[in-house]
Amino acid sequence: MGRPLRQGALRLLDLVLPPRCLSCGVEVGAVGALCPDCWRGIRFIAAPHCARCGLPFDYDPLGTPDLICGACIARPPLFDRCRSVFAYDDASRSLVLGFKHGDRTDCAPAFAQWLARAGAGLLTEADGIIAPVPLHRWRLLKRRYNQSALLALNLGRLTGRVALPDLLIRRRATPSQGGLSAKGRARNVEGAFMVNPRCREAVKGARVLLVDDVFTTGATVGECAKVLRRAGARAVDVVTLARVVRPVTLGDEGS
């Protein structure tokens with residue numbers, strides 16, 4: 001009777017509190033959904049894209065899934081592969097910032113489902129370790145939650161893999177990445193992370209899946225990947241909710 005009772009309770013709850021669009025708040029047919037207008041506005045990322053960083057291509061002239069973008073050829077990233085759900089732009093900004101700064105923690109389960117689809121190829125190879133990019137303790141105290149940790153925990157719950165929210169520690173507070181160049185972002189986070197001593201054995205020989213909210217230049221996830229490799233990780237893949245595709249005006253979001 002457990003499952004029928006739960007389903008009945010959920011139907012009753014939907015009658016009292018109808019599901020709302022994650023972005024604009026209009027009534028929708030299911031929890032964790034976008035309305036048709038908001039769905040059409042989001043630029044979801046799919047193939048063809050760079051096999052390394054996941055940058056979407058307008059077209060693939062060679063018809064190969066292994067095509068690498070010019071930036072990754074010129075300067076290979078410190079992580080192995082990255083996949084993102086959608087482009088970070090005017091249409092998706094409110095969705096991301098509401099989750100990150102607006103206490104929209106209720107979005108995490110739906111976002112985890114999107115992450116699972118976008119990172120399906122990475123999840124099949126992950127060794128059961130999912131870890132978020134950490135916040136410094138003072139920023140965590142101010143914000144009250146780490147949005148990347150919520151994504152990682154929900155993704156672990158959804159896929160049956162172990163999420164370790166404290167695998168990485170942000171050992172020093174870093175200024176906002178907003179307004180910094182790619183080199184400035186890399187310098188800003190250099191030496192900012194360490195592997196939690198309690199988790200070192202879990203890292204050795206593992207393929208770790210890092211989770212973050214927004215990929216901007218890859219500086220933050222790259223620094224995390226470097227630390228994990230030094231601790232013995234076999235490989236480090238990345239999955240993010242959003243990524244910058246074209247230059248946009250940024251606040252403090254992004255890595």
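# A guided tour, starting inside the sheet

Select Asp212 and Thr240 to begin: Thr240, in β7, is the bridge partner of Asp212. You are looking at a predicted model, so treat each stop as a feature of that model.

**Stop 1: strands β6 and β7**

Now widen the selection to the two whole strands. β6 and β7 are joined by eight bridges and pair in the parallel sense. To see how the chain gets from one to the other, follow it from β6 through α11 to β7; this β-α-β crossover is right-handed. Keep helix α11, residues 219-230, on screen for a moment. It lies across β6 and β7, and its direction makes an angle of about 165 degrees with β6.

How many of the residues of β7 are buried? Nine of the nine are, so β7 is largely enclosed by the rest of the structure.

**Stop 2: across to β1**

Thr240 has a bridge partner on another strand too: select Ser84, which is paired with Thr240 of β7. Show β1 and β7 together, and you have a parallel pairing over six bridges. In general, strands of a sheet pair through backbone hydrogen bonds, either parallel or antiparallel.

**Stop 3: the whole sheet**

Next, go to the other neighbour of β6. Strand β2 (residues 129-132) runs parallel to β6 (residues 207-215), and four bridges join them. To find one such pairing, pick Ala131 and look for its bridge partner in β6, Leu210.

Now colour the complete sheet. Its five strands come in the order β1-β7-β6-β2-β3, in an open sheet with parallel pairing. Which strands stand at the edges? They are β1 (81-87) and β3 (162-163); each has a single partner strand, so one side of each is left without a neighbour in the sheet.

**Stop 4: helix α5 and the core**

Select residues 108-118, which make up helix α5. This helix lies across β1, β6 and β7 (235-243), and runs at about 130 degrees to β1.

Turn on the side chains here. In soluble globular proteins, nonpolar side chains tend to be buried together. The largest nonpolar core in this model has 35 residues, and the members that touch the most others are Phe86, Phe111, Trp114 and Leu155. Two or more residues come from each of β1, α4 (93-101), α5, α6 (120-123), α8 (147-159), β6 and β7. Which element gives the largest share? It is α5, with seven residues.

Zoom in on Phe111. Setting aside neighbours within four places in sequence, Phe111 is in contact with Leu22, Leu95, Phe99, Leu151 and Leu241. A separate core of 34 residues can be found as well; to locate it, select Phe79, Ile129, Phe215 and Ala233, which are among its members.

**Stop 5: the two sides of helix α9**

Move to residues 182-189, helix α9, and highlight the buried residues Gly184, Arg185, Asn188 and Val189. Look down the helix axis: these buried residues fall within an arc of 120 degrees, so they line one face of α9. There is a general pattern to keep in mind here: an α-helix has 3.6 residues a turn, so residues three or four places apart point the same way.

What covers this buried side? The cover includes β4 (168-170), β5 (193-195) and α11. Turn to the face that points away from the buried side, and you will find the exposed residues Lys183 and Arg187. Just past the helix, stop at Gly191, which has a positive phi, near 75 degrees.

**Stop 6: two single residues**

First, Cys38: select it in helix α2 (residues 36-41). Is Cys38 buried or exposed? Its relative accessibility is 16%, so Cys38 counts as buried. Not counting residues up to four places away in sequence, Cys38 touches Cys21, Ser23 and Cys24. Then draw a C-alpha to C-alpha distance from Cys38 to Leu22: the two are 16 residues apart in sequence and 8.9 Å apart in space.

For contrast, select Arg139 in helix α7 (residues 137-143). Arg139 has a relative accessibility of 31%, so it counts as partly exposed. Its C-alpha atom is separated by 8.0 Å from that of Ala173, 34 residues apart along the chain.

**Last stop: zoom out**

Show the whole protein again. Its secondary structure comes to 11 helices and seven strands. Of its 255 residues, 47% are buried. Among contacts with a separation of 6 or more, 72% are between residues 24 or more positions apart.

Technical notes. Residues numbered from 1 in each chain as written. Predicted model: local features only at pLDDT ≥ 70, side-chain atom pairs only at ≥ 80, totals over all residues. Heavy atoms only, no water. Pairing = 2+ DSSP bridges. Contact = heavy atoms within 4.5 Å. Axes fitted to C-alpha atoms, helices over the stretch in contact; angles between N-to-C directions. Buried < 20%, exposed > 50% of the residue type's maximum accessible area, 1.4 Å probe, protein only. Arc of directions from axis to C-beta. Core = buried A, V, L, I, M, F, W, Y, C linked by side-chain atoms within 4.5 Å. Right-handed = clockwise from strand over helix to strand, strands pointing away.
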